[in-house]
Amino acid sequence: MNRDNAFELLKNYVINPKLISHCLASELIMRKLAEYFSEDKEEWGLAGLLHDIDVEITNADPKTHGQVGRKILSDAGVPEKVLEAISRHNEDSSPIPRNTRLDHALAAGETISGMIFATALVYPDKKISSVKPSSVIKRMKDKRFAASVKRENIMECEKIGIQLQEFVILCLEALKDADLEF
Ligand SMILES: [Fe+2]
């Protein structure tokens, strides 16, 4: 499956523009992380772009979100390692815990996009390019700020050898030029 087909498929299932932005941000972050690790940018990008394809049809139900998406994407011919990472990005529905580099990168990368968007909204110009890494890290420590963003998922960056500060820098770099609605 190429990137354009993947995006068309995503748009068949996800309508909310903010969710589409979340998927596009996750894609950019995953491509950046693939580059960092010399992994396959196309595959990692697909994992980011498609990981929430079932979010509207499952209403993000913790028991099925990720597994319904896996089935849709399996039928569409998405590679198995990408399917596994998508299945495991929701730890509440996956029968198997995250264990590969791609699994942890997706969990950490898609989750931090929410923290970055929330932090950008606090800035007067609401631009990701204005956001400082230190301000994302500071807000991560405030549990009431963007309370639904799972900090422990972001911290999985350290399971794949990237310290939090470097991870935040990489993810901001991935998003700084993107024109996303959030
Ligand atoms: Fe997501």
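This is a chat between a colleague and a modeller about one predicted structure.

Colleague: Before we dig in, what kind of model is this, and from where are residues numbered?

Modeller: It is a predicted model, where local features need pLDDT of at least 70, side-chain atom pairs count only at pLDDT 80 or more, and totals for chains, interfaces and linings use all residues. Residues are numbered from 1 along each chain as its sequence is written, and side-chain values use heavy atoms, with hydrogens and water left out.

Colleague: Great. Let's go to the metal: which residues are the protein donors of the iron ion?

Modeller: The donors are H22 through NE2, H51 through NE2, D52 through OD and E110 through OE, lying 2.1 Å from the iron ion. Donors here are N, O and S atoms within 2.8 Å of the metal (3.2 Å for Na, K and Ca); water is not among the atoms, so sites may look incomplete.

Colleague: And how are those donor residues spaced in sequence?

Modeller: The pattern is H-x28-H-D-x57-E. The pair H22 and E110 links distant parts of the chain, with H22 in helix α2 and E110 in helix α6, 88 residues apart. Helices are DSSP runs (H or I, at least four residues), as are strands (E, at least two), numbered from the N terminus.

Colleague: What is the arrangement of the 4 donor atoms?

Modeller: It is irregular, because the angles they subtend around the iron ion run from 89 to 172°. Four donors count as tetrahedral if all angles lie between 85 and 135 degrees; four count as square planar and six as octahedral if opposite donors are over 155 degrees apart and all others between 65 and 115; anything else is irregular.

Colleague: Are H22 and E110 buried or exposed?

Modeller: H22 counts as buried at 14% relative accessibility, and E110 counts as buried at 12%. Buried means under 20% relative accessible area, exposed over 50%, and partly exposed in between (1.4 Å probe, protein chains only).

Colleague: Since E110 sits in α6, how many residues does that helix have, and how many of them are buried?

Modeller: Helix α6 covers residues 101–120, which is 20 residues, and 18 of its 20 residues are buried. From first C-alpha to last, α6 reaches 28 Å, close to the 28 Å expected at 1.5 Å a residue. That expected span is 1.5 Å times one less than the number of residues.

Colleague: There's a histidine in α6 too, H104. What does its side chain make a polar contact with?

Modeller: The side chain of E156, at 2.7 Å. A polar contact is a pair of N or O atoms within 3.5 Å; within protein, one must be able to donate a hydrogen and the other to accept it, and residues adjacent in sequence count only if both atoms are side-chain atoms. H104 counts as buried at 7% relative accessibility. Not counting residues up to four places away in sequence, H104 touches R98, N99, E156, K159 and I160, where contact means heavy atoms within 4.5 Å.

Colleague: Switching topic: which residues of helix α1 are buried?

Modeller: In α1, residues 3–13, they are A6, F7, L9 and L10. They cover an arc of only 160° around the axis, so they fall on the same side of α1. The arc is that of the directions from the helix axis to the C-beta atoms. On the other side of α1, D4 and N12 are exposed.

Colleague: What do the buried residues of α1 pack against?

Modeller: They pack against α2 (17–37), α3 (41–50) and α4 (67–75). At the start of α1, a side-chain oxygen of N2 comes to within 3.1 Å of the backbone nitrogen of D4.

Colleague: And α5, which helices do its buried residues pack against?

Modeller: Those are α3, α4 and α6. α5 is mostly covered, with 7 of its 10 residues buried, including V82, L83 and I86.

Colleague: Last one: where do A60 and K126 lie, and what is phi for each?

Modeller: A60 lies in the loop between α3 and α4, with a positive phi of about 55° although A60 is not a glycine. K126 is in the loop between α6 and α7 (133–141), and its phi is near 55°, also positive. Most residues other than glycine have a negative phi. A60 is partly exposed at 39%, and K126 counts as partly exposed at 46%.
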